[in-house]
Amino acid sequence: PGAPLAEHKTLSYAGFRRAQRTADRAGVDHALLLDAAGRLGEAATAAAFCAVDGELVCAPVSGLLPGIGRALVLGGLGAREEALSEDAWRGADEIVLANALRGAMAVVEVDGTPVGDGAPGPLARAAHALLRDALRSR
């Protein structure tokens, strides 16, 4: 959150690629991108949504790319926009990544700790169906 250049599609993907290469070397699928305070912004290749106390939350686009996948999930499922603190996003019931090309992906573990019960939940299923249907209709 708070990186103005990231709000625009540019050819400057170095930071995202570096983060994803680091994740790849660590043997994990996705790099979650945080600000200096540990607040969750997005993933290197997707928007990030969290289910917290029954409410869907995603970081505001201030410093994030307002991508198509993010817009589809926001429009279809609704969400409160807030850059969640590290304690809040690590304690989320679900974390789901949304990408217009890849669809929705449940994050079931972060740094060896399960997210929620460690399995895809209702948010992941709803976001997956929403993006799948949107992609099929195009």
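**Close-up views of the predicted model**

A search of the whole structure, which is a predicted model, finds zero disulfides. Cys50 is accordingly in no disulfide, the nearest cysteine sulfur being that of Cys58 at 9.1 Å.

**View 1. The two cysteines Cys50 and Cys58 are both buried, yet they remain unbonded**. The sulfur of Cys58 has its closest cysteine sulfur in Cys50, and the separation of 9.1 Å is too far for a bond, given that a disulfide requires the two sulfur atoms to be within 2.5 Å. Cys50 has a relative accessible area of 1% and is therefore buried, and Cys58, with a relative accessible area of 3%, is buried as well. Cys50 is listed with the residues that have the most contacts inside the largest nonpolar core, whereas Cys58 is among the residues of another core, which lies apart from the largest one.

**View 2. The largest nonpolar core of the model has 16 residues**. The residues with the most contacts inside this core are Cys50, Leu84, Trp89, Ile95, Leu97, Val107 and Val110. Strands E2, E3, E6 and E7 (103–107) each supply at least two residues of this core, and the largest share, four residues, comes from E3. When its neighbours within four places in sequence are left aside, Val107 is in contact with Ile95, Leu97 and Val115. Apart from this core lies another one, of 14 residues, including Ala47, Cys58, Val73 and Leu123. As general background, nonpolar side chains in soluble globular proteins tend to be buried together.

**View 3. Helix H2, which spans residues 68–77, has Gly69, Arg70, Val73 and Leu74 as buried residues**. Seen down the axis of H2, these buried residues fall within an arc of 130 degrees, so they line one face of the helix. An α-helix has 3.6 residues a turn, so residues three or four places apart point the same way. On the other side of H2, Ile68 and Gly75 are exposed. The buried residues of H2 pack against strands E3 and E4, strand E5 (80–81), strand E6 (94–99) and helix H4 (122–136). Following H2 comes Gly78, whose phi is positive, near 70 degrees.

**View 4. Asp35 makes side-chain contacts in the loop between strand E1 (32–34) and strand E2 (40–43)**. With a relative accessibility of 16%, Asp35 counts as buried, because the cut-off for that class is under 20%. Its side chain is joined to the side chain of Arg39 by a polar contact of 2.5 Å. A polar atom of the Asp35 side chain also lies 3.0 Å from the backbone nitrogen of Ala37.

**View 5. Ala44 is placed in the loop between strands E2 and E3**. At a relative accessibility of 11%, Ala44 counts as buried. The C-alpha atom of Ala44 is separated by 6.9 Å from that of His30, although the two residues are 14 residues apart along the chain.

**View 6. Asp53 and Asp111 each have a positive phi although neither is a glycine**. For Asp53, which is placed in the loop between strand E3 (46–52) and strand E4 (55–58), the phi angle is about 50 degrees. Asp53 is exposed, with a relative accessible area of 76%. For Asp111, found in the loop between strand E8 (109–110) and strand E9 (113–114), the phi angle is about 55 degrees. Asp111 likewise counts as exposed, at 65% relative accessibility.

**View 7. The whole protein chain, shown as context for the close-ups, contains four helices and nine strands**. Read along the sequence, these elements follow the pattern α-β-β-β-β-α-β-α-β-β-β-β-α. Of the 138 residues of the protein chain, 38% count as buried. Among the contacts in the chain with a separation of 6 or more, 56% are accounted for by residues 24 or more positions apart. The accessible surface of the chain comes to about 7700 Å², and 54% of this area belongs to carbon and sulfur atoms.

Definitions and conventions:
Residues numbered from 1 in each chain as written. Predicted model: local features only at pLDDT ≥ 70, side-chain atom pairs only at ≥ 80, totals over all residues. Heavy atoms only, no water. Buried < 20%, exposed > 50% of the residue type's maximum accessible area, 1.4 Å probe, protein only. Polar contact = N/O pair within 3.5 Å; in protein donor to acceptor, adjacent residues only side chain to side chain. Arc of directions from axis to C-beta. Contact = heavy atoms within 4.5 Å. Areas by Shrake-Rupley, 256 points an atom, 1.4 Å probe, with all protein chains shown as cover. Core = buried A, V, L, I, M, F, W, Y, C linked by side-chain atoms within 4.5 Å.
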